[in-house]
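Here are a few notes to read alongside the model. I hope they help as you look through it.

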Amino acid sequence: MTAPLLSVRNLTVDYVSAEGPLRVVEDATFRMEAGETLGIVGESGCGKSTLALALLGLLPASGARRVSGSIRLDGTDLATLDERRMRGLRGNALSMIFQEPMTALNPVLRVGRQVADVLVRHERISRRAAHRATVELLAQVGLPEPERRVRAFPHELSGGQRQRVMIAMALACRPRLLVADEPTTALDVTTQAQVLARMRDLRERFGTAVLLVTHDLGIVAETCDRALVMYAGRIVEQAPVAELFRAPRHRYTEAMLAAMPRLEAPADRLPTIPGRVPAPGERPSGCRFADRCAHATDACRESEPRLRRMGRSTAACIHPVPQP
């Protein structure tokens with residue numbers, strides 16, 4: 001059996017506050033193969049973006065934090081690398097598409113210069129060659145009139161166009177792993193479909209593995225091979241996408257799927273999940289979803305369930321959804 005492209009084991013992220021450590025991500029363990037698209041889903045506050053940023057060593061500089069566990073990319077443990085070595089890998093072996101391109105792009109530099117800088121740094125090519133490659137990249141990601149757009153500033157582009165620039169920058173050096181954090185946020189439906197199609201095309205062309213962070217289960221169904229469901233800092237279910245939608249095992253996954261709008265459903269009020277995701281300092285003992293779960297018992301509140309194999313899925317649930 002060949003080694004996976006990415007192997008994450010027991011990844012834990014703590015932030016240190018005046019009240020003590022706040023555990024944002026706890027014991028995250030998963031793996032990815034080359035060319036695979038893996039979705040991470042869950043409500044806001046579940047730790048999805050923190051997990052993604054931890055993979056690239058990009059957690060916010062403000063506030064003390066502790067990261068433990070291993071993050072192996074092609075056998076190299078990224079968690080042990082200093083910042084200088086991580087800078088050599090970012091944009092080269094692994095890249096990230098951020099949630100809001102307007103804040104991720106430098107507002108005072110032309111977008112062509114920002115893409116070209118990645119090529120100059122990692123590919124060691126001339127500015128002239130980098131400019132030509134940038135025009136080609138912008139054309140590949142579907143940006144209209146790339147020869148003219150390279151001279152634009154970020155504020156002169158639409159949200160979808162800025163997102164295409166981010167994708168071009170992330171894929172400039174054909175990374176082995178692309179992390180996309182809510183890449184279609186605030187985009188209209190047409191532009192969203194175009195961005196996802198472009199990511200899929202480029203993944204197939206270059207064999208890049210894609211880790212897609214999203215709260216949109218529809219996007220997961222359309223683009224991903226497997227999915228991880230996160231709740232309150234922990235991975236509570238892992239499954240192939242078809243299996244996840246056909247037969248979810250964790251009660252949180254079941255509740256999220258039930259809340260999805262469906263064309264064939266009557267125009268009544270959609271089911272909702274009562275309550276909210278507990279903040280890191282407010283997480284209860286036992287199953288963290290118990291207070292919001294209609295199937296919870298005393299056993300759920302007494303001990304925290306661990307991931308266990310359930311058919312083709314793994315789930316951390318004492319009272320899992322019965323198989324259909």
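1. Half-hidden chain: buried residues make up 50% of the 324 residues in the chain, where buried means under 20% relative accessible area with a 1.4 Å probe and protein chains only. Please keep in mind that this is a predicted model, in which local features need pLDDT of at least 70, side-chain atom pairs count only at pLDDT 80 or more, and totals for chains, interfaces and linings use all residues. Residues are numbered from 1 along each chain as its sequence is written, and side-chain values use heavy atoms, with hydrogens and water left out.

2. On the fold, the chain has 12 helices and 12 strands, counted as DSSP runs (H or I, at least four residues, for helices; E, at least two, for strands) and numbered from the N terminus. The radius of gyration is 21 Å, close to the 20 Å of the globule rule for 324 residues, so the chain is as compact as a globular protein of that length. That radius is taken over C-alpha atoms, and the rule is 2.2 Å times the number of residues to the power 0.38.

3. Of the contacts with a separation of 6 or more, 65% join residues 24 or more positions apart; a contact means heavy atoms within 4.5 Å.

4. One residue to look at is Thr 184, in the loop between strand 7 (177-181) and helix 8 (189-206). Thr 184 is buried, at a relative accessible area of 8%. Beyond its neighbours within four places in sequence, Thr 184 contacts Gln 163, Gln 192, Val 195, Leu 196 and Ile 219.
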